[in-house]
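Student: I would be grateful for a close look at a single part of this structure, explained step by step. Could you choose a pair of packed helices and then place that pair in its wider setting?

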Amino acid sequence: MKTFPFASLFLLLLSICSSAQSFGHSLLPLFSLDPSYVNVNHGSYGSASKYVQEKLREYQMKAELNPDRWYRIDVQLEMNKLREKLSAYVNCDPDDLVIVDNASAGINSILKSLKFRSNETILYYNVAYGMVKLTLQYVSTEIFTQEQIVQIDLDHQTIQNTELLLKTTQDAISKIANVKLIVFDHISSLPSVRFDVETMIKYFRGKGILTLVDGAHALGGIELDLKKLDPDFYVTNTHKWLYTQRSSCLVYVRKDLQKLIHPIITSFGYLQSFQSEFFWLGTRDYSAYLTISDAIDFRRTIANESEIFAYNHQLAIQTGTLLARLWNSSTLTTDERYISTMNNIELPAFINTTEKMNDLYQKLINEHNIFLPMIEFDKKFYCRISAQIYMELSDYEKVGHIVLNAVSTMKFQRKITNMN
Ligand SMILES: Cc1ncc(COP(=O)(O)O)c(C=O)c1O
């Protein structure tokens, strides 16, 4: 019998399922990661499953077989089917979502579309992703004024206490005229904290402030119910935690605001509808977008969504405890409500300057092939780990020991340098 690679992959998936599926290293063969690479940083770029990669190639082949048929008819039908399936997954009306390349494209489109009056203000937090801060800087120089964009600083206390966070935000709001929009993370990048966006959205709506939620890390990582959250704007990558092919990202816009939002590229859909404007941005490859549907199928062969969420969440918590013990340090929070699928662990005490932190970061990359994002937050130095279904606690333990060894050689090298 002739077996296609796609069919054999599916058989592998099925056999794993039928033999009492367990998370961890047994799932590694389903991804293309180099077996010698320990991926403690899934959060940055995600990883498409092999099944998804096969489907990607199928879509690309369909486009090559008959480009006219694909672009003029089939891809539009496929995208409509995809929006139906994805909207059921995130619980929203299919007409309220569009797909773009990445969170950067989604957030840029929204922030550059909004037109505010000179006395209206946008708020954001110090932990916003760099791209968000820079896009706000862009709009503050090109569209608005510097005074219209205001940063609110969160510290160790306010970042893990919604009540305090809202109090700090309210203090800022009371001093500023006409706050029109607030931008905040669902799960911030560095440090990585899960925010209670449901409460935040309700609070800001009560104040008449629009909400733009950067949920780059949410889809596939935690349960996402857009009807329940009811944001004004919500952007979430699918290529980070859902296992789709890069680049793909969901953008949700509340119905009555859709006419205000335009993609960065203007093309044939201009002024037709929210859907049309975002669908055709010139000739492009839609294959990665279409793999969202296959990624959802792939996940179903692994476990229930709630089991996937629980495994990654628990692994992130356990890893935090393990590394904090190993390094004689602490995690940024022990409150599980603020932990998603990533956790922040204070680095060993020797890493107490930005320079040493950067040295350690480079040393791990150059000498150990380990990518461990690091940040100074509120005068402490943390690394961020990502949990994932193909990882086990022993992976992080291994990396924890490598970090300890790397730090001890740094101490030794410093001693020698000091002696010279
Ligand atoms: C919180 C957050 N927002 C936005 C982004 C940007 O995502 P992308 O590079 O896919 O546009 C990232 C990327 O890591 C992120 O962590």
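**Two packed helices and their surroundings**

Tutor: In this predicted model, the axes of helix H3 (residues 50-65) and helix H11 (residues 287-302) come within 9 Å and cross at roughly 140 degrees. Those two quantities are chosen because two packed helices are described by the angle between their axes and the distance between the axes. The crossing of H3 past H11 is right-handed. On the side of H3, the residues that take part are Tyr-51, Val-52, Lys-55, Leu-56, Tyr-59 and Gln-60. They meet Ser-287, Ala-288, Leu-290, Thr-291, Asp-294, Ala-295 and Phe-298 of H11. Sorted by class, this contact holds 8 nonpolar, 3 polar and 2 charged residues.

From the helix pair we may turn to the sheets. One open sheet has 7 strands in the order E1-E7-E6-E5-E4-E2-E3, and its pairing is mixed. Strand E1 (97-100) and E3 are the edge strands, each pairing on one side only. On average, neighbouring strands of this sheet are turned by 20 degrees against each other, direction ignored.

Both senses of pairing can be followed here. Strand E2 (residues 121-125) and strand E3 (residues 149-152) pair in the parallel sense over 4 bridges, and Leu-123 has Val-150 in E3 as its bridge partner. Together with helix H6 (residues 130-142), E2 and E3 make a right-handed β-α-β unit. By contrast, E6 and E7 run antiparallel and are joined by 5 bridges; the bridge partner of Thr-236 in E7 is Leu-250.

Helices also lie against this sheet. H6 lies across E2, E3, E4 and strand E5 (210-214), running at about 160 degrees to E2. Helix H7 (residues 162-175) packs on the sheet as well, where it touches E2, E3 and E4. The direction of H7 makes about 150 degrees with that of E3.

Some loops deserve attention for their backbone geometry. Most residues other than glycine have a negative phi, and most peptide bonds are trans. Leu-190 and Pro-191, however, are joined by a cis peptide bond, with omega about -10 degrees. Pro-191 is found in the loop between strand E4 (179-185) and helix H8 (197-206). A cis peptide bond also leads from Arg-246 to Ser-247, with omega near 5 degrees. Ser-247 is placed in the loop between strand E6 (233-237) and strand E7 (249-253). The loop between E6 and E7 also holds Tyr-243, a residue other than glycine whose phi is positive, near 75 degrees.

A second open sheet has 3 strands in the order E8-E10-E9, with antiparallel pairing. Strand E8 (342-346) and strand E9 (374-377) stand at the edges with a single partner strand each, so one side of each is left without a neighbour in the sheet. The twist from one strand to the next averages 35 degrees. Between E8 and strand E10 (residues 380-386) there are 5 bridges in the antiparallel sense, and Asn-343 has Ile-385 in E10 as its bridge partner. Helix H12 (residues 305-326) lies across E8 and E10 and runs at about 10 degrees to E8.

Finally, there is the ligand, which is surrounded by 13 residues. The closest of them are Asn-102, Ser-104, Tyr-129, Ser-189 and Ala-216. By class, the shell around the ligand divides into 4 nonpolar, 7 polar and 2 charged residues.

Conventions: Residues numbered from 1 in each chain as written. Predicted model: local features only at pLDDT ≥ 70, side-chain atom pairs only at ≥ 80, totals over all residues. Pairing = 2+ DSSP bridges. Helix = DSSP H or I, 4+ residues; strand = E, 2+ residues; numbered from the N terminus. Right-handed = clockwise from strand over helix to strand, strands pointing away. Axes fitted to C-alpha atoms, helices over the stretch in contact; angles between N-to-C directions. Left-handed = near helix turned anticlockwise from the far one by under 90°. Contact = placed C-beta atoms within 7 Å. Nonpolar A, V, L, I, M, F, W, Y, C, P; charged D, E, K, R; others polar. Near = placed C-beta within 6 Å.
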